[in-house]
Amino acid sequence: MDSADKLKDGYHSFRDGYFKDSRDLFRKLAQKGQSPKTLLISCSDSRVDPTIILNTEPGDVFSVRNVGNLVPPHENDNHYHGVSSAVEYAVKVLEVENIMIMGHAHCGAIQAAIDTENDPESLGTEFVHNWVSLAQQAFSDPCCCKESIKSGNRIPVEIEQASIVNSMNNLMTFDFVKKRVEEKKLKIYGLHFDLETGDLTAFDRKTGEFGPL
Ligand SMILES: [Zn+2]
């Protein structure tokens with residue numbers, strides 16, 4: 001079976017199983033629209049599907065997946081801002097109560113950020129190296145695991161976690177996010193998933209570390 005046929009079979013299985021069993025839910029969502037309570041920003045990595053990990057249903061999360069689960073800081077220009085648009089829509093229109101950033105172990109994007117620290121061109125990409133350089137913000141101003149990162153030691157899991165926290169901080173550069181957080185109408189979470197062990201850990205602002213949920 002080729003890879004596209006596998007997906008076609010997958011769709012048939014979804015249509016005859018999950019969709020059939022959830023007919024009422026899909027009908028309700030179609031007629032009444034969505035009102036998700038959570039914006040979930042996660043990595044494009046094929047191994048880490050947040051809707052499976054968090055066992056969500058259609059309508060539960062407004063979702064963004066990008067290379068490295070990165071959030072850029074607010075930028076006032078006319079470029080095309082996919083992540084910023086999703087954040088704006090989720091916060092201003094959907095009025096979500098939570099924004100969760102989920103990173104993961106063995107993240108290729110974070111490894112690329114580490115690998116291109118001293119030689120941005122080494123990856124040979126047109127867009128990727130510039131995008132993942134967002135994670136390098138955590139090198140100079142690490143928000144967790146400070147000692148190791150400040151000493152120049154690049155331990156992937158620590159950079160993955162520090163980059164999640166950096167993205168959490170970048171969210172606060174959007175005025176409409178900051179305002180709702182200060183009004184206590186919005187909470188921001190940082191999560192890290194280990195696909196070997198299945199462990200999901202969360203950033204603890206008190207300790208500055210990731211720990212069990
Ligand atoms: Zn990744």
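**Reading a predicted fold**

Colleague: Which residue in the turn of the hairpin formed by strand 5 and strand 6 has a positive phi?

Modeller: That residue is G208, with a phi of about 75°, and four residues lie between strand 5 and strand 6 in this hairpin. Strands (E, at least two residues) and helices (H or I, at least four) are DSSP runs, numbered from the N terminus. Residues are numbered from 1 along each chain as its sequence is written. The model is predicted, and local features need pLDDT of at least 70, side-chain atom pairs count only at pLDDT 80 or more, and totals for chains, interfaces and linings use all residues.

Colleague: How many bridges join strand 5 to strand 6, and which residue stands opposite D204?

Modeller: Two strands pair if DSSP finds at least two bridges between them. Here four bridges join strand 5 to strand 6 (residues 209-212), and the two run antiparallel. D204 stands opposite E209 in strand 6.

Colleague: Which strands are joined to strand 4 by bridges?

Modeller: Strand 4 runs parallel to strand 3 (residues 98-104), with seven bridges between them. One pairing places M100 with its bridge partner Y189 in strand 4. Strand 4 is also joined to strand 5 (residues 200-204), by three bridges and in antiparallel fashion, and H192 stands opposite T201 in strand 5. The hairpin of strand 4 and strand 5 has six residues between the strands, and G198 there takes a positive phi near 80°. As a general idea, side chains in a regular strand alternate between the two faces of the sheet.

Colleague: Why is strand 4 described as largely enclosed?

Modeller: Burial is a count of neighbours: a residue is buried if 20 or more other C-beta atoms lie within 10 Å of its own, exposed if 12 or fewer, and partly exposed in between, with C-beta atoms placed from the backbone. In strand 4 (residues 187-193), five of the seven residues are buried, so the strand is largely enclosed by the rest of the structure. Over the chain of 213 residues, 30% count as buried.

Colleague: How many residues has the largest nonpolar core, and which of them have the most contacts inside it?

Modeller: A nonpolar core is a set of buried Ala, Val, Leu, Ile, Met, Phe, Trp, Tyr and Cys residues joined through C-beta atoms within 7 Å. The largest one has 43 residues, and L39, I101, A109 and A135 have the most contacts inside it. Elements that each supply at least two residues of this core include strand 1 (38-43), strand 2 (61-66), strand 3 and strand 4. Helix 10 gives the largest share, six residues. Two residues are in contact if their C-beta atoms, placed from the backbone, lie within 7 Å. Leaving aside residues up to four places away in sequence, A109 touches C43, V67, G68, V132 and A135.

Colleague: Where are positive phi values found in residues other than glycine?

Modeller: E95 is one such residue, with phi near 50°, and K184 is another, with phi of about 60°. E95 lies in the loop between helix 5 (82-93) and strand 3, and it counts as partly exposed because it has 13 C-beta neighbours inside 10 Å. K184 lies in the loop between helix 11 (175-182) and strand 4; K184 is exposed, with 7 other C-beta atoms within 10 Å.

Colleague: Which domains does the domain assignment of the chain give?

Modeller: Domain bounds come from an automatic or database domain assignment. Domain 1 covers 1-32 and domain 2 covers 34-212, and their centres, taken over C-alpha atoms, are 29 Å apart. Helix 1 (residues 3-16) reaches 20 Å from its first C-alpha to its last, close to the 20 Å expected; the expected span is 1.5 Å times one less than the number of residues. Among the 14 residues of helix 1, the count of buried residues is zero. The count is also zero among the 10 residues of helix 3 (residues 23-32). Helix 3 is followed by G33, whose phi is positive, near 85°.

Colleague: What is the radius of gyration of the chain?

Modeller: The radius of gyration is taken over C-alpha atoms, and the globule rule is 2.2 Å times the number of residues to the power 0.38. The chain has 18 Å, which agrees with the value near 17 Å for a compact globule of 213 residues. Its C-alpha trace spans about 55 × 50 × 40 Å along its principal axes.
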